[in-house]
Amino acid sequence: MFDSFISSFLMKSFLSYVEHLHNIVSTVLANGVTPALANSIDIALDGEPSKQLRSTVKLSDLRRSGIFFTPSHLRNALAERTISTLSSKSVVVDIACGVGDLFIGLTPKLGKGGDLSSTLELWGKQLIGHDIFMEFVNAAKLRLVLAGILQGHQSNIAIVPDLDLLFPGITARNGLLCADSIERATHIIMNPPYTKVTPPQDCTWASGKVNAAAVFVDFCVSNASNGTKLVAILPDVLRSGSNYKKWRSQLEAKAEILETECLGQFDKHADVDVFILELEVRRDSSMRDSKLWEPAADGQHFKVRGKFSVHVGAVVEYRDPHEGKTYPYLTPQNAPPWATIWGLEKQRRFSGATFTPPFVVVRRTSRKGDRYRAVPTVVDMSEPVAVENHLLVLIPHSGELGDCYELVEVLKMEETSSWLNQRISCRHLTVSALADLPWWERQ
Ligand SMILES: C[S@@+](CC[C@H](N)C(=O)[O-])C[C@H]1O[C@@H](n2cnc3c(N)ncnc32)[C@H](O)[C@@H]1O
């Protein structure tokens, strides 16, 4: 799957990043979490490995190798669907784990010990992961230690533990030869490579080259025990492509398909639409519902969170001191409804989270019976903005202003106000209501 030039180049370039992670862990263990280190940990856990790869390896080479680490909005979507059935006895397997992003999303729900080392030991019993690159495996382990530290587990470790002993189930192996790991899983999570590969010789659902993601899912479902839950981020062609009809129907014979949800473009670098597949392995599955693979006619299959992350403005005016850097300051009073702003006179010092345009803000206060339940303003500025907490902030995953205007069109539709009226009767729009809002098909 990988040519040797890319492999050796990748390893070299990523090795220095693994050293960087090692340094952060070592400094935090020695000195505790200072505000500057907390910031470095946040960055390391949210997209930094992908940026690092892109800065040294050409995008075309990354595409060819299928190496795209899951961005946090997709990792959260997968975690949301997995977490409800997790317990401290669960064993979670990812056979193409990269630098551990999917595991990191689940750590708040894994076992908790009395201190950092016992928590990491518990996680080590619950997590099994494989990747063909040792550098990724080591990065995954160091990032899991950082996740443990960030969650406030009392540190009782003085130096970075030996990576070979830490998380013994996370190893450098070809995941497609790891049936032994799959058999132990109560949960399988995955965002596998999407490259074109030759299917295994005994493959009954395809001939010729196929998307590797289909092979990974088939391998897992064929080797997992009854009752194992699988949640996967997959290329949309597997859900919708006629070439994968046989793959879908063979999957339905081995598993109950619980839900599929379209999530839109993976990120702005990987130009591929993805969906989430949630299933439970059932050898005797007699459930056949081909509708589960299709987008619903009313567009409910695809939600706002497929295109935007939704946040609450961070400034609480009466509470937050006027300290820190000065930012343009957006409140419901200077955000004109249904309009675009290119600049703001009002400014404020603030030391909390700010938002970088383009984005859309929506007023949180909204009453049942209002003509429009969600009233937006588009912000098209070049500098970060402090936003008051009576506004919800919707940031396009694509970073594109065009997506902001598409959202405005969706919010203007009658279907949106009726859906919000049904979903929430209170006077405040919530983050989850806006994130779950269907992305209605427009004429
Ligand atoms: C799309 S990336 C996703 C990584 C990770 N699951 C995530 O969500 O961030 C796919 C990963 O699969 C790894 N990979 C490719 N073929 C593999 C194989 N046969 N066995 C194990 N890992 C593999 C790549 O090195 C890469 O890290």
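Trainee: Which pocket does the ligand take up?

Mentor: The ligand occupies the second largest pocket. On a 1 Å grid over the protein atoms alone, a pocket is an open set of points with protein on both sides within 12 Å along at least five of seven lines, and a molecule sits there if more than half of its atoms lie within 2 Å of the grid points. This is a predicted model, where local features need pLDDT of at least 70 and side-chain atom pairs count only at pLDDT 80 or more. Side-chain values use heavy atoms, without hydrogens and water.

Trainee: OK, how many residues surround the ligand?

Mentor: There are 24, with a heavy atom within 4 Å as the cut-off; the closest are Thr70, Ala96, Asp131, Asn174 and Gly175. By class, the shell has 14 nonpolar, six polar (Gly counts here) and four charged residues (Asp, Glu, Lys and Arg).

Trainee: Which polar side-chain atom lies 2.7 Å from a ligand oxygen?

Mentor: One from aspartate 131. Threonine 70 has a side-chain N or O atom 2.4 Å from a ligand oxygen, and a polar backbone atom of isoleucine 132 is 3.5 Å from a ligand nitrogen. The cut-off for such N or O pairs is within 3.5 Å.

Trainee: How much of the ligand does the protein bury?

Mentor: The protein buries 98% of the 590 Å² that the ligand exposes when taken alone, by the Shrake-Rupley method with a 1.4 Å probe.

Trainee: Switching topic, what are the domains?

Mentor: The assignment gives domain 1 (4-293) and domain 2 (305-436), with C-alpha centres 32 Å apart.

Note on methods: Residues numbered from 1 in each chain as written. Polar contact = N/O pair within 3.5 Å; in protein donor to acceptor, adjacent residues only side chain to side chain. 1 Å grid on protein atoms, 1.4 Å probe; cavity = no way out; pocket = protein on both sides within 12 Å on 5 of 7 lines; lining within 4 Å. Domains from an automatic or database assignment.
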